[in-house]
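The following exercises concern chain contacts, helix packing and backbone geometry. Each task is followed by a solution worked in steps.

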Amino acid sequence: MNASGLNLLIAVAMGLNLLALGSGRVSSLIRAVSFQGMALGAMPFLLSHEFSPWVTLVAVATIVGKGWVIPLLLGRAMRAANIERETDPLIGFVPSLLLGAGGTIAAVGLARILPLRPEHAGSLLVPGALASMLTGFILLIGRNKALSQVCGYLILENGIYLFGLLLIHTTPLLVEAGILLDVTVGVFVIGIIVDRIQRAFDTLDTRKLTVLRE
Amino acid sequence: MIGPLLLFALVALGLGALAGRRSPAVWVALTLAAGVALGAAGVAVGFGLQPDWDWRSGFPVGGQALHLRLDALSALFLILLAGVGLAGTAYSHTYLTLNDGIDPSAPARGRLWWNGLIFHLAVVLINSNGLHFLIGWELFTVCAYFLITLDRRRLAVRQAGWLYLAASHAGTIALFAFFTLLASATGSWDLGPLRERTDLAPLFWLALFGFGLKAGLFPLHVWLPSAHANAPSHVSALLSGVTLKLGIYGLLRFSGWLPVPASAGWVILGLGAVGALAGIVFALVQTDLKRLLAYCSVENIGVILIGLGGALVAAGEPAADWGRLALAGALLHVWTHGFAKALLFLGAGTVVHAAGTRDLGRMGGLWRALPFTAVAFLVGSASMSGLPPLAGLVGEWLVYLGLFDAVASHGPAGWAAGPAVIALALAGAVALATFTKANALVFLGAPRSSPSHALHEPDRWRSAPTFGLAGAVLLLGLAPAFVAPILARASEAWRPFDTGTAAVRVPLISLGRFQLILALVLVGVAFALWRRVHHLGVTRGPTWDCGYAQPSRRMQYTAGAMGGTVGGWFTWFLRPERSQRRPRGPLPDRAFILDRPRETVLEGVVTPVARQVLRVSTAVRRLQHGRLQSYILYIVIGLAALGLIVLVQGGRP
Amino acid sequence: MSLLWDLPLRLAFWLLLAPLVPGLINRIKAWVAGRRGPPLLQLYYDLARLWRKQVVMSSLASPGFILGPAVAWVAVVVAALLLPLGPAGTVLGFSGDALALVYLLALARFATAWAAMETGSAFEGMGVVREVSFAVLAEGSILSALLALGVQSHSLALNQMLAPTVGTGSALLAAGLFTVLLAENCRVPFDDPNTHLELTMIHEVMVLDHSGPPLAAILHGASVKLLLFSVLLVQAVLPVANLPAPAAAALLAGGVLGVVVGIGLVESLIARLAFRKVPLLLTTAFLLCLFALLVAWKGGAG
Amino acid sequence: MIPLLLILLPLAGATLAAIWPSDRMRPWFLPAIAAPHTVLAWVLMVHPPEVTDGEWFGFDAVARAVLPVVSLLFLICSAYGVPYLRVRGERPNRVFVSTLLAVIGLMSAGLMARHLGVLWIATEGVTLAAVPLLHFNRTPRAFEATWKYLLVGGTGIALSLLGSFCLGYASLQGNGSGDLTFHALAHQGATLSRPWLLIAWVLLLVGYGTKMGLAPMHTWKPDAYGEAPGLVGAILAGGVTTVAFVALLRVRSVLGAAGEGPMADLTLLCIGLFSVVVASLFLLGTRDFKRMLAYSSVEHMGILSVGAALGAPGIGAALFHVWTNSLTKGSLFLSAGNLRRSAGSASMDDVRGLARIAPRSTRLFVAGLFAVTACPPFGIFFSELRILRAAFDGGHTVVTAVFLLGLLFAFFGLARVVLGVAYGPPRSRAATPRVHFSETAGVILPSLLLLALSAWMGLYPPALLESLWSAAVAQLVALP
């Protein structure tokens, strides 16, 4: 019924992916992530045919977690490490944008091949999920700043969450379990801040994190 | 009767290992007792005083019920183990505590691992369960490693030990595969004659690699020289005298119990012939006494393998009894070489301790200080060169008889036997040259360097075993007929299912008579000449040497020169490392020429291969470069690869 | 015939006749060179004199210096006794005595070399190395010759082996064994028994320091060895054993004489070989024996 | 209900330890909690409780076949922890102790989980709980190691969640009730949607493989094991990897029930062999004896998954190998920890002749080397032989050849490093060790005990264990 609304939201999320890929400013990256989180958080309402407190709880938790708490922490970390820009990433912005765009198209195509249940066939859930995961991986592999990688991880996990929405009615538990991934992210960020306090690792540049090697 | 003896021996060895740290006296007593018990058990079964011993118990080790057996073949090797073990034990009692700058903790460790080695060698010999065989095999390898590296503060020793361990493990892996395949083919770990399972024949190649490597089969001998040279001498004696022979034991056992490929005999014969010749040529050019002896072991293993190969070839032919003759020769050679080589290594231990070096080029004239050792060493060398009236000849003689019959019978086997005979002959002659060199450089002439501290005959503990072994060599030479029964029984036990062939007759009476007469005449004439000379009186003077007033000791022939001529014929193969400086000008100053014998197979084959592998490993290790981004990329790649596999495989139903 | 008087007779034959051979050779050489050579019995005189002489011994030498020659002598003589003598056949023979013969010669070599090394002299070391090195090829040739005979006669007992069938094989064998004979007994072209250049000698140089009875033993042993090889050669190529006794005896004697003459002629007509060439010649002998073996093998098979 | 104590007891202990005031007394929590945990685990092993199909946690045959050894390993490591934490008195141990206890609780949960989601949650929990343990030393190196562990491991965890979703969707496609207990999934069997099932398998294999440390997802291992304290390494290598392996086994059983067993076996075989080969190549060159242990662990994970790919006998052998490997690895990590502390460095380039510096630990370390390279009488020899035999019975000759070659190279690498640092003239980075490290019984006995257990496992494996493994195999290889 409100599949169109849902698809709209997913489209927004996918747009935010591209934004995240293209932006060199860490702050805009964080903002993109937080908006995406909120969008994701809103989705369960649109999915659920009738009001169920459980689903509402999940949704609210998601919005609060993904959309507000984590971006807040990230922002704090950013300020603590006073970095603003992602300098010369391993995969340049334009290539990663192109990759992301191509990936998004491919995702739509791939979703057609996958055998989906009729009620999911129309929705952008699966393509969106795939696109976000791809974006996440691109950021994880292509960025130098730890913060950007964390954001990449967040987007990856958003993709997984999107996919999880397929199952929100039958097995809500799994979907809720996804929240734990946010905890992981929380640990990342805390790690960064803690370490920032220790001054062990300046400018959160992972290129300096290559002491341990063969 | 047998069971209790063996049990006693093993327990005594165990207790001895425990006692070794605290009280050497207890250790030596227990270990000697164990050796005697092992020998007794071996003699009882080997000479047929007792029936073959086969003992099963429900008591499981590693999930497998114990199954021990002692037949004539095992007994033969058990007796060898007992003999050399006794000698080595006695020798090491004082040898270990000689202060040659060895690690202070060495003696205690030496006793512990020594008992462990003998224990597990015995276990392997009396075992009839694949799993337990493998356990014993691996453990004696480990014990031997710790014995070789007793003086582990020296780099050379550690390197030798490492090479030994690595090579042995390669062999062990092959045996892993061998025994596991056997077990999965037969459905049980139990070992025994399996004539009818012709599908098992290919397994022989695995066994050949695994056991051959341990035996020092020619191209696989790379670990052998350095290990024998760097180990303490009583250890070298046991390694060369017994553990090499265990490789032979394994080959005998499983070529006897399992069916073998048709080509097996030919391959072994060929490898043996090549090994005999190559080994002894390498020995001839060595400049390190113990390396020389070690390479000589490679030759004798070759001789033994010629016998075994002959037996296998003959087994493929109708009514070819010559095979059993060759086999009997090989078995006897296992003994003669074992005892003689142990004798030589013990002698070398004394010599090295006295001269303070292993370098032949710095010895000489030691007969004055060590007359008895010199005699014992001479006996060992003569036997090694197969000279009458000593033991070495007897085994080779039997092998010769077998091969001659093969050639005379005009069968296809002649094509293998003929070349083998000639290889044996050449090897024999080179062996003579080798031992002439060894004796001359060590004992004769004038000392080439200022002699070291301990220029005196060793104490009783060390001289007694040397002479004991010399006695054994002499006895085997003069009365070989006495060992004919065990040889016959052993070569029947080799293939228990071949009841078709006539019982093996080992014609040793005539040769024994001949050797005895010869010995008597030798002694008589030598005595007569001695009397004559001393009746006429002897004047001592400097070496005349065509009128050189006072030849200096540095004018004597050196280790390099003594091997030079024959070595020169094989330069294409030995590839010695030559460094020289030609004399220049009308008044030439110092000039020299130096040939370092090289480990051709090791340096020419093994090392390059290892280098390639290491190159690959270095390339792979670059992947762990510490960049997190790529680590995540690896995950994605792994994902993609697995997905691809599933996609490809999923396509087909 | 019984061992009792057979053995002493043979012993006498070998011990007494052997020193004649070098004398003969020298006579022949003298005759070819047109000189009055040394008397035929020169070696007997020398031996007698040496037997009475006192021994001078290097201060480095051990008792082995004296025992070595004794062992070598015994080895050679026993080897000779193993050899069948034409119609008289053999007395100590047993299956496999051929190998015993080879290894007895090796024992002799070892003992001589040991005695030589006693003195710590560079020259004698040189001689020893040459001796044991060339022996490698010589022994290979002898073994393959024996193998050829064994193949012909299906036996490994000398008295049966030495009943050859005359043919191409025998010719090859003759050539090969003759060369080996020259090498093993240090005759020209391998060595020059009466040279005095130590650098060029093999056998002589090993005995430089010996004197008195030991030297006598060495010289006599050498002559026995020479005779032994000649007898072996003759019986290996001529069908001595197949003839009636008198003819056999005559043939044997004649053959040996022939060999001796051959040696003499070779020594008179051919110059010594350069040392680098020696292995080459020996290898040739080796190959000749190998071909003989092949011929025997094929012949037997066909 | 009682089995749940295996989870709840440690968690309770963790909270208690977290609020406990005294740093000196706190380490005693470890044995105090671990001992009853082990006792309970072994009692349950002997007297297995009833397990009803539906429930999410259960001490079923599979848990019964592996949990006792993990618990035992933890007990011994915690016994080691007391003296260790005393030596490291300078560090506050509040977080360390409580998270360590949480880890064993969560590991028990993971081993007993019979529900896909619960299993994932437990694994995730272990992953997060291990973070403070790895970061215990607080050095920049430790931080880097932790960071990599977290990001690589987190990615793996995320993938395994995705895989769980796909598996759920597969059952949804097959008109499943959405009940994600393994029993239900296996029951659904062939009706599971094939494509989704396979996608799920690949994702889960990579995800849990990352936690196991299969190549090429092993990259976090050398860093983490290299920088973590010895006992943490022991628990990670002996326990956490086991949890992941058991997870894979349970998932594989679902695939088997769905008739996709061959596919699962093929992928397991490939990744297993790849791990063995890669690990052996790394071992040939590594120069640091703690990182070496990490690669050796990668190798053994490869061996496990090869075993798991060989059908019923192989899985049985693999379960056996889980036991032997956990015990042996535990001993090696503990003795390596001792050596690291007494030498001040773990690199061949700085350290030699440890036999003189720390004789006892060196002896243990060398013995451990032989134990881990399949030398009798230690357990790994027997378990590897059994895997080999399973492979030969399955007729995988080429596979076995590669496998054996890998073992050989691994031996070369390990022996090279261990013997290199053990013998020779002494040389150590810490000429005057910062903390003088004395080889007290407290730090020697645990390692010794583990080795002894490994040997005992090999020579006289109790019949009970055999029955455990066969029961687990029976549960895992459900015949459709």
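**Exercise 1. Backbone geometry in a loop of chain C**

C:Pro189 is found in the loop between α8 (168-184) and α9 (203-206) of chain C. The coordinates come from a predicted model.

Task: Determine what the peptide bond from C:Val188 to C:Pro189 is, cis or trans, and establish whether C:Cys186 is buried or exposed.

Solution.
Step 1. Omega for the bond from C:Val188 to C:Pro189 is near 0°, and the bond is therefore cis.
Step 2. The loop between α8 and α9 of chain C also holds C:Cys186. Although C:Cys186 is not a glycine, its phi is positive, at about 55°.
Step 3. A residue counts as buried if 20 or more other C-beta atoms lie within 10 Å of its own. C:Cys186 has 23 other C-beta atoms within 10 Å and is therefore buried.

**Exercise 2. A loop of chain D**

Task: Characterise the peptide bond that joins D:Pro376 and D:Pro377, and describe the phi angle and burial of D:Ala374.

Solution.
Step 1. D:Pro377 is located in the loop between α15 (359-372) and α16 (379-393) of chain D. D:Ala374 has its place in the loop between α15 and α16 of chain D as well.
Step 2. Omega is about 5° for the bond between D:Pro376 and D:Pro377, a cis peptide bond.
Step 3. D:Ala374, which is not a glycine, shows a positive phi of about 60°.
Step 4. With 26 other C-beta atoms within 10 Å, D:Ala374 is buried.

**Exercise 3. Contacts between chains**

Task: Identify which pair of chains has the most contacts, and describe the side of chain B that touches chain C by element and by residue class.

Solution.
Step 1. Among the 4 pairs of chains that touch, chains B and C have the most contacts. The contact involves 67 residues of chain B and 65 residues of chain C.
Step 2. On chain B, at least two residues each are supplied by α14 (391-408), α15 (414-443), α18 (509-536), β3 (538-541) and α19 (559-569). The most comes from α15(B), with 14 residues.
Step 3. Sorted by class, this side of chain B has 45 nonpolar, 18 polar and 4 charged residues.
Step 4. Strand pairing also links the two chains: β3(B) and strand β1 (residues 55-58) of chain C pair in the parallel sense, over 4 bridges. In this pairing, B:Arg540 stands opposite C:Met57 of β1(C).
Step 5. For chains A and B, 11 residues of chain A are in contact with 10 residues of chain B. The side of chain A that touches chain B comprises 7 nonpolar, 2 polar and 2 charged residues.
Step 6. Two pairs without contact complete the solution. Chains A and C do not touch, and their nearest C-alpha atoms are 55 Å apart. Chains C and D are joined by no contact, with their closest C-alpha atoms 41 Å apart.

**Exercise 4. Helix packing between chains B and D**

Task: Classify the orientation of α21(B) relative to α11(D), and list the residues that meet.

Solution.
Step 1. The axes of helix α21 (residues 600-621) of chain B and helix α11 (residues 261-285) of chain D come within 8 Å, with a crossing angle of roughly 105°.
Step 2. Angles of 65 to 115 degrees count as roughly perpendicular. Hence α21(B) is roughly perpendicular to α11(D).
Step 3. From α21(B), the residues B:Val613, B:Leu614, B:Val616, B:Ser617, B:Thr618, B:Val620 and B:Arg621 meet D:Val278, D:Leu281, D:Phe282, D:Leu284 and D:Gly285 of α11(D).
Step 4. By class, the residues of this contact are 8 nonpolar, 3 polar and 1 charged.

**Exercise 5. The overall form of chain A**

Task: Assess how compact chain A is for 214 residues.

Solution.
Step 1. Chain A has 9 helices and 0 strands.
Step 2. The radius of gyration of chain A is 17 Å, close to the 17 Å given by the globule rule for 214 residues, so chain A is as compact as a globular protein of that length.
Step 3. Along the principal axes, the C-alpha atoms of chain A fill a box of roughly 50 × 35 × 35 Å.
Step 4. Of the 214 residues of chain A, 49% count as buried.
Step 5. Of the contacts in chain A between residues at least 6 apart in sequence, 74% join residues at least 24 apart.

**Exercise 6. The surroundings of B:Val28**

Task: Establish whether B:Val28 is buried or exposed, and state which residues B:Val28 touches.

Solution.
Step 1. B:Val28 belongs to helix α2 (residues 24-46) of chain B.
Step 2. B:Val28 has 20 C-beta neighbours inside 10 Å and therefore counts as buried.
Step 3. Leaving aside residues up to four places away in sequence, B:Val28 touches B:Thr89 and B:His93.
Step 4. B:Val28 and B:Ser92 are 64 residues apart along the chain, and their C-alpha atoms are separated by 9.1 Å.

Note on methods: Residues numbered from 1 in each chain as written. Chains lettered and ligands numbered in written order. Predicted model: local features only at pLDDT ≥ 70, side-chain atom pairs only at ≥ 80, totals over all residues. Contact = placed C-beta atoms within 7 Å. Nonpolar A, V, L, I, M, F, W, Y, C, P; charged D, E, K, R; others polar. Pairing = 2+ DSSP bridges. Axes fitted to C-alpha atoms, helices over the stretch in contact; angles between N-to-C directions. Parallel < 35°, antiparallel > 145°, perpendicular 65-115°, else oblique. Rg over C-alpha atoms; globule rule 2.2 N^0.38 Å. Buried ≥ 20, exposed ≤ 12 C-beta atoms within 10 Å, placed from the backbone.
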